[in-house]
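This report walks through charge pairs, surface patches and backbone details in one protein chain. Keep the structure open while reading.

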Amino acid sequence: MALRCSSNEKLRCFPNILKYLQTLLVIGLVILPTNIYAQSNDDCFMCHSDNTLTMEKNGKEISLFVKEDVYKSSAHSKLSCVSCHKGFDAEAIPHAENIKEINCVSCHQNALIKHSFHPQILKSKGFGKSNDTSCKGCHGIHDVVSTKNPKNKWNKTNLVVSCGNCHKDASDHYINSNHGIAYKSGDKGAPNCITCHKSPITDKAFANNRVEKKIAQEKLCLSCHLDNEDVRKRSTPSAGFIHAYDKSVHGFALHNKNNGDAASCVDCHESHSILIGTDSRSSVYRLNIPVTCGKCHSDVQKEFSESIHGQLVAKGNGDSPSCTNCHGEHNILRTDDPNSPVAFQNVSRQICSPCHESMKLSEKYGIAANRYKTFSESYHGLALSGGSATVANCGSCHGVHNIKPSSDPTSMVHKDNLVKTCGSCHPGANETFTQGSIHVTLEKEDEPILYWISTTYIFLLFSILGGMLIHNLLDLIKKSKIRKLKQLGQIREEKHGHSLYLRMTVGERIQHATMAISFMILVLTGFMLRYPDSWWVSHIRDIWTDAVEYRSLIHRIAAIAMIVVSLYHIYYIAFTQRGRELVKDLFPKLKDLTDAIGVAKFNLGFSKVKPKLDRFSYVEKAEYWALVWGTIVMTFTGLLMWIYIDYIGVFSKLDWDIARTIHYYEAWLAFLAIVIWHFYFVIFNPDIYPMSLAWFKGTVTEEEMAEEHPLELERIKKKQAEERRKSEEDLDDEV
């Protein structure tokens, strides 16, 4: 039999049921003690075990049936019905017009906090009407089972599937993620839905405060991947790699700038479909990275997708670089940070060279493997290595994200676009300016003229400098031997007077000093450019941090000084008597050749007599005319390079390369010749060691004259003797 009750309190029941209830009521009131007057579960089940028991509410028929065996196997089986169902009269049928809604929180006081992943439950305090706002929506009514029971749908073994009833997309993504796979395999450290969502990490939890939400998400991720040692041991990223995010441009923007647009863990790795970076389905798989980064950097992604690198990535080419290859992963820094690989001064060496210097990639794709080498040896590359912040790097010419092959008409290095590209740094650049190879080599196949220039100079360097070394070594041995024999008394040492002889006038000394100082500055500043990473350059930069910035200016000032003193010297030898005598005495003669042969025989022991040398021997003459030649060559090549850079359009790139090659090798020839030839004869020569002071005092001793310029000394003494004789004759005549 069924008991049917309506909301207007009309009751239809069978008489025997009424009598039965009346009997029970009498027993409860009269016979039983007052301490058990409360309604028992059996009392309730007398009616509610009837599966036909219903009521009408708001025009709907509602079942009041409770399956007794289900209830008795639930977590609440030891509780009485009235523990939850309160505020009604058990004797009244129906019990009350509006029965008080069950308050689960009255017993489960911490439940609201534990269920913060559903913030709507917090707002409704568990009394919500929908499944996601009420306790019974998830846990059931009379069939509540302990979460420790494997049959409970919220047991950890069933949790993901149960959550998926409402959150199907999230559940599907999680199941296929690395977290889900580890969770299914029984990994105790693998997170499930509650592991992450027990903390507030969603938009609703933060009222759309993106900064606080992302920080909360980050802390959640780090709680396992950084703070949990067991998880760290099983995962690839190191603690240092993870910590790098804090100092990255993204981490700094999030934590220091409170920028809610800054990328955090979830932005890159996603929330539920987290996969290891080597998985081709992962959002951080290297071929998928452009799409991931493009969520924030859409303009850059568009440029990159049109580039040669982007097109290869889109085709699945694993050798082509994507965003993280250049910018890094967790350690992405600002482009103006000197520690960033894409910083202006680092991009060529750290980003472009690893691929474009790779023989493996060169052979595989047919690209030149010397691109970075040729760039690093160019003016741009050398100045960049030296610390210049304005010179061009790879990106200046080829682009940054929009890199395209030179055959592409839209490429910055296409022949039709070179004038514009070069003009971005060199205003007024024209087609003449761009003629010639950009990545120049000294190979015969690439630039024959540069090959022959370098080959010729290398031959001259070895032959001329080698000859100088042999000559001076023999001279040193012979003079040292003679000096030692004199000390031993085996050779009679000739006594000389104390007279001083004029070697250089004040004007000549000023010319010499100006030329010497400008030459040394030119060598120093020139080789600073050519060898920016050398130890001595680093010391200069340590002493003077702006040395590289002012190097070019100092080099040009020194060049002007050398040119000016050279022009003055031309005036000096052309329009002054002493100057004319100087160049006359320096002019090569046949005697210079015979003297050189005679000195060689003497030093080798083939002759016992050393030729008598005049005011300027073959040594000084060779040095003087080499200086004249070197100054002319260095002046013209230097001016050509200067004009090419600052007054573009006059010479081509090939002209500049020719001038640069000659300038470089001539500099080495001049520098080494000064060190080997000049420094030996004015410093290390045993006859005048430790130094000839003619450049400072202008005079030399009679001993130096006798050793180095005996013919001139004889001529001077003869002239002095004639002057004395004439003076004596004049005195006699007066007497």
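Is E377 buried, exposed or partly exposed? E377 counts as partly exposed, because its relative accessibility is 31%. The model is a predicted one. The partner of E377 is K373, and the two form a salt bridge with the closest N and O atoms 3.0 Å apart. K373 also counts as partly exposed, at 44% relative accessibility.

**Salt bridges**

Side chains of opposite charge can pair when their charged atoms come close. Searching the whole structure gives 27 salt bridges. Three of them are set out below.

| Salt bridge | N to O distance |
|---|---|
| K168 and D172 | 3.4 Å |
| K373 and E377 | 3.0 Å |
| R503 and E712 | 3.4 Å |

Take K168 and D172. Both sit in helix α9, which spans residues 168-175. They are 4 residues apart, so about one helical turn separates them. How accessible is each partner? K168 is exposed, because its relative accessibility of 54% lies over the 50% cut-off. D172 is partly exposed, with a relative accessible area of 31%.

R503 and E712 pair across the sequence. The closest N and O atoms of this salt bridge are 3.4 Å apart. R503 lies in the loop between β5 (500-502) and α29 (506-530), while E712 belongs to helix α38. The pair therefore ties together parts that are 209 residues apart in sequence. Both partners fall under the 20% limit for burial: R503 is buried because its relative accessible area is 14%, and E712 is buried because its relative accessibility is 9%. A further set of charges forms a network: D475, K479, D687 and E708 are joined by salt bridges that share partners.

**Helix α29**

Helix α29 follows the loop that holds R503. Its 25 residues reach 36 Å from the first C-alpha to the last. That is close to the 36 Å expected at 1.5 Å a residue. Which residues of α29 are buried? Charged and polar ones are on the list, including E508, R509, Q511, S518 and T525. Nonpolar ones are there too, among them M515, F519, L522, V523, F527, M528 and L529.

**Surface patches**

Which residues form the nonpolar patch on the surface? They are I543, W544, Y550, L553 and I557. Together they have about 550 Å² of accessible area. Helix α31, residues 547-575, gives the most to this patch, with 3 residues. I543 comes from helix α30, residues 535-543. I543 counts as exposed, because its relative accessibility is 76%.

The surface also carries a patch of negative charge. E728, D730, D732, D733 and E734 gather there. D730 lies in helix α38, which covers residues 710-734. D730 counts as partly exposed, because its relative accessibility is 39%. Helix α38 is also the home of E712, the salt-bridge partner of R503.

**Backbone details**

Most residues other than glycine have a negative phi, and most peptide bonds are trans. Some places in this chain depart from that pattern.

Where is P690? P690 sits in the loop between α35 (653-684) and α36 (694-697). The peptide bond from Y689 to P690 is cis, with omega near 15°.

N258 has a positive phi, near 50°, though it is not a glycine. N258 is placed in the loop between α15 (249-255) and α16 (265-269). N258 counts as exposed, because its relative accessibility is 52%.

E270 also has a positive phi, near 70°, and is not a glycine. The loop between α16 and α17 (289-294) holds E270. E270 counts as partly exposed, because its relative accessibility is 32%.

**A span across the chain**

How far apart are the C-alpha atoms of S362 and K612? They are separated by 64 Å, with their positions 250 residues apart along the chain. S362 is in helix α22, residues 359-365. S362 counts as buried, because its relative accessibility is 14%.

Conventions. Residues are numbered from 1 along each chain as its sequence is written. This is a predicted model: local features need pLDDT of at least 70, side-chain atom pairs count only at pLDDT 80 or more; totals for chains, interfaces and linings use all residues. Side-chain values use heavy atoms; hydrogens and water are left out. Patches are made of residues with over 30% relative accessible area and no salt bridge: like charges are joined within 9 Å, nonpolar side chains (Val, Leu, Ile, Met, Phe, Trp, Tyr) within 5 Å. Accessible areas come from the Shrake-Rupley method with a 1.4 Å probe; for residues, only the protein chains shown count as cover. A salt bridge is a side-chain nitrogen of Lys or Arg within 4 Å of a carboxyl oxygen of Asp or Glu. Lys and Arg count as positive and Asp and Glu as negative; His and the chain ends are not counted. The place of a charge is taken as NZ of Lys, CZ of Arg, CG of Asp or CD of Glu. Helices (H or I, at least four residues) and strands (E, at least two) are DSSP runs, numbered from the N terminus. Buried means under 20% relative accessible area, exposed over 50%, partly exposed in between (1.4 Å probe, protein chains only). The expected span of a helix is 1.5 Å times one less than its number of residues.
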